[in-house]
Amino acid sequence: MEIMRVKDELVCTRRVPGLQTASLRVLENQSGGLMVASDPVGVPIGKWVFTASGSAARWAMPDSTVTTDLTICGIIDNWDA
Amino acid sequence: MEIMRVKDELVCTRRVPGLQTASLRVLENQSGGLMVASDPVGVPIGKWVFTASGSAARWAMPDSTVTTDLTICGIIDNWDA
Amino acid sequence: MEIMRVKDELVCTRRVPGLQTASLRVLENQSGGLMVASDPVGVPIGKWVFTASGSAARWAMPDSTVTTDLTICGIIDNWDA
Amino acid sequence: MEIMRVKDELVCTRRVPGLQTASLRVLENQSGGLMVASDPVGVPIGKWVFTASGSAARWAMPDSTVTTDLTICGIIDNWDA
Amino acid sequence: MEIMRVKDELVCTRRVPGLQTASLRVLENQSGGLMVASDPVGVPIGKWVFTASGSAARWAMPDSTVTTDLTICGIIDNWDA
């Protein structure tokens, strides 16, 4: 699982039906790259989180049929970047 | 999911039968590398999109038997690179 | 499988239910990046370990329904970085 | 899917039974790294191709039990590197 | 599949049960990074090999329940690095 920071919500008017009503967040990884993740936790912007990728990203969702490949799995307490 | 920009259509006369009639797009990722993705959304060239990889790429297609490993999942509104 | 070093325990008050009661560790990979892994072995901080990723990470857990994508598979003896 | 160029055939006298009689090619990716891919298309050396990885690589083969993780999915026409 | 060189055997006194009795090797990839792979072929140190990752790594083993994510698939003849 990777350590990333929540930067923003993702705003998109068109998306595939398989994402259903999942909340999407823009995350920044440790190299400064931006990723999009589904968020079943409800994380405020600015928090450090860890994420699961691949098929684990689907199993980490309340509904495992959501077609995501990156999901926020938890908020890290007191993370010092 | 990754954030990429649509650069072009992919023109190929020979491809494996498993790709069926899927539309293929050439995308540029954040490092400037070029990727090929299946496009169930119908995205115009120049738009910013986010993509799912791995098995999620197949589940994001209307027909999940298409042998893709990267699928456009949505268009990002007002993205400022 | 990758070779990493155990840096710390992961402290998080909120995490997805799919992680169940798995112990989580912060690992440092060979490029200096930090990762989070589930630890079925019980590894002390400072040890060198090797890890499985993807679906293998789940099969390496005693309970393969834990939604991890990185699991410590063993402690490497006498590793000289 | 990634864009690569066919460099050579792969010559190996010993390989695992799971690869069956699949043709193997040495490809060069956009960073100059060399990869090995199964080739169900029959691509001449020097051509630009796109490849599927992960489980999609198996589904792209005529026989999806071949233990590959990278398969050539098609030849790109008129690619200008 | 990736091209790597066998550097050493892996010595570890504790490992997860899912690895069963698989032989483990330390490999060096093209960037100089070190990886751990299961070896169903029996490759001498110093040889160049190609490896399968992900779920293909399990299917390349004689027993596909071994919890590996990287398996040596064959020895490359006359490889000139």
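The following exchange asks what stands behind some of the terms applied to this predicted model.

Author: Local features need pLDDT of at least 70 and side-chain atom pairs count only at pLDDT 80 or more, while totals for chains, interfaces and linings use all residues. Residues are numbered from 1 along each chain as its sequence is written, chains are lettered from A and ligands numbered from 1 in the order in which they are written, and side-chain values use heavy atoms, without hydrogens and water.

Reader: How do you know that chain B and chain A are related by a rotation axis, and of which order?
Author: The copies are superposed by least squares on the C-alpha atoms of residues with pLDDT of at least 70 in both. A turn of 72 degrees with a shift of 0.0 Å along the axis lays chain B on chain A with an RMSD of 0.0 Å. The two are therefore related as by a five-fold rotation axis. In chain B, B:G54 comes closest to that axis, its C-alpha lying at 5.5 Å.

Reader: What makes you say that the copies meet through different surfaces?
Author: Only 5% of the interface residues of chain B are also interface residues in chain A, so the surfaces differ.

Reader: Why are chain C and chain D said not to touch?
Author: Contact means heavy atoms within 4.5 Å. Chain C and chain D do not touch, and their nearest C-alpha atoms are 10 Å apart. Chain B and chain E do not touch either, with nearest C-alpha atoms 10 Å apart.

Reader: How much area do chain B and chain A bury between them, and what is counted?
Author: Buried area is the accessible area (1.4 Å probe) that two parts lose on being put together, summed over both. For chain B and chain A this is about 1700 Å², 59% of it on carbon and sulfur atoms. On the side of chain B, B:M1, B:F50 and B:D77 lose the most area to chain A, together 37% of what that side buries. In residues in contact, 22 of chain B meet 22 of chain A.

Reader: How many salt bridges and polar contacts are there between chain B and chain A?
Author: A salt bridge requires a side-chain nitrogen of Lys or Arg within 4 Å of a carboxyl oxygen of Asp or Glu, and the count is zero. A polar contact is a pair of N or O atoms within 3.5 Å; within protein, one must be able to donate a hydrogen and the other to accept it, and residues adjacent in sequence count only if both atoms are side-chain atoms. Ten residue pairs across this interface are in polar contact.

Reader: Why is A:N29 called buried or exposed?
Author: Buried means under 20% relative accessible area, exposed over 50%, partly exposed in between (1.4 Å probe, protein chains only). A:N29 has 17%, so it counts as buried. Its side chain reaches the backbone nitrogen of A:G33 at 2.8 Å, and a polar atom of that side chain lies 3.0 Å from the backbone nitrogen of A:S31.

Reader: What makes A:N78 and B:N78 worth listing?
Author: A:N78 has a positive phi of about 55 degrees although it is not a glycine. A:N78 is exposed at 78% relative accessible area. Phi of B:N78 is also positive, near 55 degrees, and B:N78 is exposed at 76%.

Reader: Why is strand β3 of chain D called largely enclosed?
Author: Strands (E, at least two residues) and helices (H or I, at least four) are DSSP runs, numbered from the N terminus. Four of the five residues of β3(D), 24-28, are buried, so the strand is largely enclosed by the rest of the structure.

Reader: Which strands does β3(D) pair with?
Author: Two strands pair if DSSP finds at least two bridges between them. β3(D) pairs in the antiparallel sense with β1(D) over four bridges and with β4(D) over five.
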